[in-house]
Each structure stands twice: as C-alpha cells, then as structure tokens.
Amino acid sequence: MADNVVEKDTVIIGSGPGGYVAAIRAAELGQDVTIIEKSETVGGVCLNVGCVPSKALITAGHRLRETRDSSTYGISKTDATIDFTKTQQWKDEKIVARMTNGVNMLLKKHKVELIQGEAFLDNNTQLRIMATGPKQFMDNGGGQTIKFKNLIVATGSRPIEIKGFKFGKRIIDSTGGLNLTAIPKEFVVIGGGYVGTELAGAYADLGANVTILEGTGQIVPNFEKDMVDVVKKNLEKKGVKIITNAMAKKGEETDKDVNVTYEVDGKEQTIKADYCMVTVGRRPNTDDFGLEMTDVKMTDRGLIEVDKQGRTSVDNIWAIGDVVAGPALAHKAFFEAKTAAGAISGKNTENDYIGVPAVCFTDPELAAVGLTQAEAKEKGIETNVAKFPFAGNARAVSLDSPEGFVRLVAEKETGTLIGGQIVGPGASDLISELSLAINCQMNAEDVSLTIHPHPTLGEPIQEAADILMGFPTHI
Ligand code: FAD
C-alpha cells in the first residue's frame, strides 16, 4: 500500500543539539517545522549518551573523591561508600530525563511537530519515514512520505569500532561506559581523546583501576603538551596508568572479563580487565539514510560539504553538527543550527568559527579558544604571549586547586587577542570570557581594564592581560 504523502515546509532529521536548536530557531523565525527523530528520546547523543551523562558521572566521581579526601580540611569521612545503582538512577532520572523533557517542552512551546521515526531520503525534495515509536501514522502500513521545501540534516555521529575490538558485553563504546551497572575493578580505555580521558578520570575517582592506552605520544592530543602535563600528573596521582604510543591489537571477551592485547615498542602485552572501553573517535551518520539518492556532495571523509551558511550542494538541503567538518562538539552544532535556520528564513547569517572553544572536563579542566602560539607562527603571525599560574590566585588556592594556568596569545603588532588556553579549576566556564574577547577582537588592554571581582577564578585572565601590558601585579 502506498505511503501517505504530506507536504511540509522545514523538515529536520535528528533532534540532537543541531536538530533541536535549528527547530526552535526556525520556529522563532516563523517557519513551520517538523523534526524527525528515530530514538525514543530527543536530545541526540549529547543529552542522552554524551555531554550530559558524562558530566553527571564526573560529578559523582568528584563528590566521592572529595568526601574521601576531606581529612585535609578537618572533616572525617574517609570511609565514604558509593551505591552505584543509585548514582546511575540519579544520572538517568534526575539529569538526563530532566534535560530531554526540557527539550520536549521547548519543542512543544514552539509548535514544532515531532515525529518519532527513521527518515530515508528518496531524492532532493522527498523522504520516507518508518515509525520507530507510537503508531502516529501507521494506519496505512507503517510509513509516511514527506515532500519538503527545506531540509536540515542533523543526523550526528556514532562511535568507531576498531579491528580486533568488536563491541560486545565487555568491549564497549562510550555509551556502554556511561551505563555500567557496577564500578569496574579494572577498566581499560583505548583512546585517550577527550571522551576517553574524561571517563577514565570519572571511573578513577569512583574507585576503578584505570589504564589508558593511547596510540599517539600524548593523551588529549588536541591540547598543548604543557596543559596536558598538568592533567596527566593529576591522573597519575589518582592511580591512572597512561600508556602512550600503544597500539591496541585485540580484545578477547569472556563472560566475566576481557583480555586486552596491545603493542608498545614492538613488544606485545596483555591486561585483564572487567571492561575495555574503545573511544577512538566517531563516524558521521551520513551513510545509512539515502543521502546517495540526492545530489548532496560529500567529502572523502564521509562528511557533508557545506558553504558558510551550512547549505549543501543542493539548494534546499542544509547540514549541521557532527555530519559537517570541524570539531564534533555540541556548541558548534548549536551555532551552525542557528545559522542554517536563519539562512532558511532569509537572514544573512554565516558561520564564523574563530571563537569556537574546546573543553575537556578532566581534573583540572582543559579549555582553549582561537590560536595557540605555534598555530599563529604557522600562519606567519608574530605574537606576544603571557601566562599566569592559578598558584598565584587566591580563589584557586582557597579551593585547594592551585594547579594550572591561563595563557593569552596576542598579535604583536596590534595587541589583539587571538588565542587563549586555560588548564585549571573552572576552565570550562572561564573560557567564555576569552571567546567573547576574541570574537569582539578585544586587545589585552580591554581585558586588563575590565574589573574582575576578587577573589575569583577569573582574575588570572586579567593578570595575564596585565602581563601582556607590561605591568604584572601578583607575579
Ligand atoms: P547528535 O547529537 O548525534 O544527534 C543526532 C540525532 O539524529 C540522534 O538523536 C539520532 O537518533 C538522530 N538520527 C540519526 N539518523 C536519523 C534518521 N535517519 N532518522 C531520524 N533520526 C535520525 N560535546 C560537547 O560540546 N561537550 C561535551 O562535553 C561533550 N561530551 C561528550 C561526551 C561523550 C561521551 C560523547 C559521545 C560526545 C560528547 N560530545 C560533547 C559531543 C556531542 O555529543 C556531539 O558533538 C553532539 O551531540 C552532536 O550533535 P548533532 O546534533 O550533530 O548530533
């Protein structure tokens, strides 16, 4: 039997940070919006199995470690225990469900139609949906065909599986790592990127013996070595074993555990663990919903080619988030979502990636925006650089977190800030000040003359600006 055919204005595939934000913005700009989501809940990877639940586990780990280590402050709670079932319940019910329900409410408030189903493209103007949820449109046998004026592809990404490590019961991806029912005794993480290192830190805080096997010479390699060294030292203090230049060879599962074989310096070694989590990167979801039936051009890495507004090679099809080039981060998806929704609504929007911050929620946190000194040099830009340590900041010291520093990179000739790096307490929040400064093309003097409250973690940013001005105060 033929599908229903209905005509729609703006259709979005995927309700992750890209999809749901595009839906809200397009609705705010007067579009009739339909969003198609194949999962049971909205919010995509970020809210369900990414940014949000990972931060919840990191919080639980911090609380446990802080409680156990509180004797320094005269507090005796060194025998604190954890009921991990309750931790997971808290994460799922109080954090993830709350956030996904919030997105549902926002979509309703903006009168966005939400269809639970899997979309498959037929051509440049038409798609089919197979219902994956309640039978909203299944009267005619389970499908619906939609003719759309505009389409935004926001289908996100999925974990990469590597040879020799087929995902199963003991070899798991990040989703498995977030949903363990008990804290493992031995936990191996293959891939010390930001996802792997964050969860390695969380499980170490929760009491697991953690080993990170990283293929390159450094964990979280997208941050500078002197920043990562601060994190590495702290991870090692927590007992995490970090093995770099390690090639993971194979994982052999039994019912109870997994043997992980890896090679370093030509020698094979094996570790037995309760779980082996493989976090070596993510693959864009561009190969399984009929994109090849359209004239949308792809890059050789399987990403969708887009212009500055997020428009693909097909005039009425747009793409945002993890399916397009650039860092696979939720806030990049948010930004691209607003640009694409604006462009569809006739606004003169454009993506400008200069101020996209990168954050890793390690202990202490890592955050960076704009150019590093080395990147500036590669571009032929002469720079002045200033670094201020958290050890010289009263708030960091009173929080008992004096590790790390703030670094500012300014153009030598003009003093304009072009980059900033922070490793230390609150780095994930502090980096927004530097994003704003860089986006607004402020110089060191602008930051130096901005009064920062005392005692706060923001002061090192002002102090670093003072150094750039040639008038250091607390160093
Ligand atoms: P997604 O969030 O992947 O959403 C895509 C949606 O599309 C999914 O809901 C999927 O079900 C749906 N879909 C796919 N195909 C179809 C189809 N054919 N029909 C219907 N629906 C479909 N980023 C940060 O910025 N900060 C962090 O701290 C952070 N932490 C992370 C931690 C982990 C463990 C992981 C895995 C990721 C993390 N990320 C973080 C990355 C972030 O989650 C992603 O960059 C972000 O979710 C991408 O958003 P998106 O909208 O492009 O896609």
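Q: What makes the pair formed by Lys 55 and the ligand a polar contact?
A: In this predicted model, a polar side-chain atom of Lys 55 sits 2.7 Å from an oxygen atom of the ligand. The cut-off for a polar contact is 3.5 Å between N or O atoms, so the pair qualifies.

Q: How far from a ligand oxygen atom is the polar side-chain atom of His 331?
A: The distance is 3.4 Å. That is within 3.5 Å, so His 331 also makes a polar contact with the ligand.

Q: Which part of Val 45 lies 2.9 Å from a ligand oxygen atom?
A: A backbone N or O atom of Val 45 does. Its distance is within the 3.5 Å cut-off, so the pair counts as a polar contact.

Q: How much of the ligand does the protein bury?
A: Taken alone, the ligand exposes 1,000 Å². The protein buries 96% of that area.

Q: Which residues come nearest to the ligand?
A: They are Gly 18, Glu 37, Lys 55, Asp 322 and Ala 330, out of 37 residues around the ligand. The shell divides into 16 nonpolar, 15 polar and 6 charged residues. Helix H2 (44–49) gives the largest share, 4 residues. Domain 1 (5–49 + 90–158 + 283–353) and domain 2 (171–280) each contribute at least three residues to this shell.

Q: Why is Ser 157 called buried?
A: Ser 157 has 7% relative accessibility. Buried means under 20%, so Ser 157 meets the criterion. Ser 157 belongs to strand E6 (residues 157–159).

Q: What makes the link from Ser 157 to Asp 322 a polar contact?
A: The side chains of Ser 157 and Asp 322 make this contact at 2.7 Å. The limit is 3.5 Å, so the distance passes. Asp 322 is also among the residues that come nearest to the ligand.

Q: Is Lys 256 buried or exposed?
A: Lys 256 has a relative accessible area of 64%. Exposed means over 50%, so Lys 256 is exposed. Lys 256 sits in the loop between strand E11 (247–253) and strand E12 (258–264).

Q: Why is Glu 28 called partly exposed?
A: Glu 28 has 47% relative accessibility. That value falls between the 20% and 50% limits, so partly exposed is the right term. Glu 28 lies in helix H1.

Q: How do you know that the largest nonpolar core lies between two domains?
A: Domain 2 (171–280) and domain 3 (364–469) both give residues to this core, so its place is between them. The core has 35 residues. Phe 187, Tyr 203, Val 210, Ile 212, Phe 223 and Leu 366 touch the most other members. Helix H7 (225–237) is one of the elements giving two or more residues, and its share of 5 residues is the largest.

Q: What makes the phi of Asn 245 worth a remark?
A: Phi of Asn 245 is near 50°, positive in a residue that is not glycine. Most residues other than glycine have a negative phi. Asp 400 also has a positive phi, about 60°, although it is not a glycine. At 40% relative accessibility, Asp 400 is partly exposed.

Q: How do you know that the peptide bond from Asp 363 to Pro 364 is cis?
A: Its omega is near 0°. A cis bond also joins His 454 and Pro 455, with omega about -5°. Most peptide bonds are trans. Pro 455 is in the loop between helix H12 (444–448) and helix H13 (459–468).

Definitions and conventions
Residues numbered from 1 in each chain as written. Predicted model: local features only at pLDDT ≥ 70, side-chain atom pairs only at ≥ 80, totals over all residues. Heavy atoms only, no water. Near = heavy atom within 4 Å. Polar contact = N/O pair within 3.5 Å; in protein donor to acceptor, adjacent residues only side chain to side chain. Areas by Shrake-Rupley, 256 points an atom, 1.4 Å probe, with all protein chains shown as cover. Nonpolar A, V, L, I, M, F, W, Y, C, P; charged D, E, K, R; others polar. Domains from an automatic or database assignment. Core = buried A, V, L, I, M, F, W, Y, C linked by side-chain atoms within 4.5 Å. Buried < 20%, exposed > 50% of the residue type's maximum accessible area, 1.4 Å probe, protein only.
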